[in-house]
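Please open the structure in your viewer and keep the selection tool at hand. The tour below goes from one selection to the next and says what is to be found at each stop.

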2 protein chains.
Amino acid sequence: MTAEIHHGDCIEVMRTMPGGSVDAIVTSPPYAEQRKSTYGGIPEADYPAWTVAWMAEAWRVLKPNGSVIINIRPHIRNGQVSDYVLHTRLAIRAAGWNECEELIWKKGGPPMGSTHRPRRSYESLLWYAKHGRPYADPKAAGPSSTRIGLEYGRLGPHRHSGQRPPSTGTARVSDVVEVNTVRNKKSDGLNDHPAPFPVELAEWMGKLICPPNGTILDPFSGSGSTGVASVRNGWKFVGIDAVEKYVEMSRERLKEEAA
Amino acid sequence: MTAEIHHGDCIEVMRTMPGGSVDAIVTSPPYAEQRKSTYGGIPEADYPAWTVAWMAEAWRVLKPNGSVIINIRPHIRNGQVSDYVLHTRLAIRAAGWNECEELIWKKGGPPMGSTHRPRRSYESLLWYAKHGRPYADPKAAGPSSTRIGLEYGRLGPHRHSGQRPPSTGTARVSDVVEVNTVRNKKSDGLNDHPAPFPVELAEWMGKLICPPNGTILDPFSGSGSTGVASVRNGWKFVGIDAVEKYVEMSRERLKEEAA
DNA sequence: ATGAGGAATGAATCCCCAC
DNA sequence: GGTGGGGATTCATTCCTCA
C-alpha cells in the first residue's frame, strides 16, 4: 500500500508532483460558499476561474489517458438553482477539457431542503478527460443497475422473482449510481468532516476510471474517503487538503484501514 | 374531460390561446438534430434561441404561479457531451426564467451506445417558472423514493422487509424519479412515435406542478402521453404537434382513454 | 392459468470504408 | 483528407410461444 496525504494548497502541492504520474483524479471540491467556515469559501463569481486554475495543474500531473471526476451540485437560493456550476462547466471545457459525461450519484438519506420542493437526493459527478476516449472500464464497477450498499430487489416487471445477485462483471455500469450517504458522526473524530462522500462511491468511481494498480489523486481529500477506497482496491493514493485537522484525521483513518 | 390537440407550429398555436390560461407546461421537445427525419431538426447552434422563442410565447399563456418542465439530455459525439443544452439553459435563464431545479428521470431499458462508457440511463427534467416559488405539491406525486411502474423493494436499511406499498402521500417526492421507458410498438398505430415518454412520468410531473383541475399544455405533444396523463388525473389538456400524423394518432389515443 | 425460456427491440455510439 | 452512410456492438426488458 502506498498512500500519502499532504497538507496545503492543492495547486502548490501538485506542483511538487512529477508530470504524468496520476491515472485518475476523484474529488469533491468545496461548493463555492457552502463550507465557508471550514474552507474559507470561493465566491460564486470566482468559482469558474478557481476551478480552471486547479485543473490546469491537474492536467500536468495527469497521464494522457487519465481522467477526472468532480462531485458537485449547485445549491438553491430563493427558489433558483445557482448558475455557477453551469458557468464552471463551460469554463472547464473552454480550458481544453473534454466533458465525457455527467454521471449521477443518487443518495439515500434523510429529506433535506425546502418542503415546497422535491427532496434533493442526487449529486452530479462531472467526468473530464484530455480527449474523447480516456481509460475507462465500465464493466469493472459492477452491474449496470448499480445500487451499492443497498439490497437487490426486482428492478422491474420481470419473470424471475426474488433477489438477483450482482452480475459477474459482464454488464456495463449505469450512469446513475445509488449509494447511501454516510452519517456524519459528530462524536467520531475519524469521520468529523462536513461533507464526506461514501467510500463505496469513491470505489465505484475508481473502478470506472482507474486501471488496476494505478494512482489516484484527490486534491480536496477531506475526510479521506478516496484514500480508503484506494487502499481497499490496491490503487496508490495521493491526497491533499488545506485543513490540517482533516489531514491528520484521514492519515489516522488510512492507518486503521491498513491494519 | 377537456382535451384538445392542435396541429401546427407551437408558437403560432399558442398565439391563439388566451394569456394566463395554463397552469403547467410539460413537454419533451426535439433534441436538436436527433429526430431530424421526423421534425426537421434544429441545428445545435440555433437551439438556445429556438428554445427561448417558444418559451417566450409559453410565458404569455402561463399563469403567474405556473411552471414548465422540459425533458432533454444532450447526446455524446466523439466521446464528448454536446454543449448545446448548457448554452440553452443559460439562454433560458437570461430570458428571465427562474430555474427551479434539475430533476432526474432514471429510465430502465437496454444498454446501448458506446461500450467504453457507462450505460446512459437517465434524462434531465428542467423545471422553470416565472419566479422562485411557483405552485408545486411535492407530496402529491407519491412516495419520496419514487419508482413508478416498478415493484417496490427495500431501498435501503429499513425495518420492514419485503414489498412496501406506495405511500399515501405524506412524504415528499424525490428529485430522482424512476420510470421505465415505454416500448415503441412499431406495429401499434397508437403508439408509433419515435420517442414517447411514459404516461407515468407525465403523471408524476403533472402531480408535482399542476393543481387539481388545472390546465396542462404540451407544445410538442408527440404521441400524446401528457394528454393521457391529463385525462387520468382530471387536468384540462392542450396539445400541439407539428406532425399531423401524431396529432391524429394522439387524438385517437385520448378517445380510447376516455372510453 | 402459470411459468420457463427464447427472440426481438431499443431517443445510441463508434468504427470503418467508400467516395 | 474530410465527409457520410452502413453495420457491429451490447444486454435489460418486453413479448411471445410452448410445455
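What follows is a walk through confidence, the contact between chains and three helix pairs.

Before selecting anything, note that this is a predicted model, in which local features need pLDDT of at least 70 and side-chain atom pairs count only at pLDDT 80 or more, while totals for chains, interfaces and linings use all residues. Residues are numbered from 1 along each chain as its sequence is written, chains are lettered from A and ligands numbered from 1 in the order in which they are written, and side-chain values use heavy atoms, with hydrogens and water left out.

Colour chain A by pLDDT, the predictor's confidence in each residue, from 0 to 100. Chain A averages 85, and 82% of the residues score at least 70. Now select residues 150-169 of chain A, where pLDDT stays under 50 and the model has 29 contacts beyond four places in sequence (contact means heavy atoms within 4.5 Å). Where pLDDT is low, the predicted coordinates should not be read in detail.

Next, show chain A and chain B together. About 4900 Å² is buried between them, and carbon and sulfur atoms give 46% of that area; buried area is the accessible area (1.4 Å probe) that two parts lose on being put together, summed over both. In chain A, select Leu86(A), Pro118(A) and Arg172(A), which lose the most area to chain B, together 14% of what that side buries.

Go on to helix 5 (residues 199-209) and helix 6 (residues 225-233) of chain A, which pack at an angle of about 60° with their axes 8 Å apart. Helices here are DSSP runs (H or I, at least four residues), numbered from the N terminus, and axes are lines fitted to C-alpha atoms over the stretch in contact, with angles running from 0 to 180 degrees between N-to-C directions. The two helices of chain A are therefore oblique to each other, since angles under 35 degrees count as roughly parallel, over 145 as roughly antiparallel, 65 to 115 as roughly perpendicular and the rest as oblique. Among the residues making the contact are Ala202(A) of helix 5 and Ala229(A) of helix 6.

Keep helix 6 of chain A and add helix 7 (residues 244-258) of chain A: they pack at about 20°, with their axes 9 Å apart, which makes them roughly parallel. Here Val228(A) and Val231(A) are among the residues of helix 6 that meet Arg253(A), Leu254(A) and Glu257(A) in helix 7.

Finally, move to chain B, where the axes of helix 3 (residues 47-61) and helix 4 (residues 84-94) come within 8 Å and cross at roughly 40°, so that helix 3 of chain B is oblique to helix 4 of chain B. Residues including Tyr47(B) and Met55(B) in helix 3 meet residues including Tyr84(B) and Ile92(B) in helix 4.
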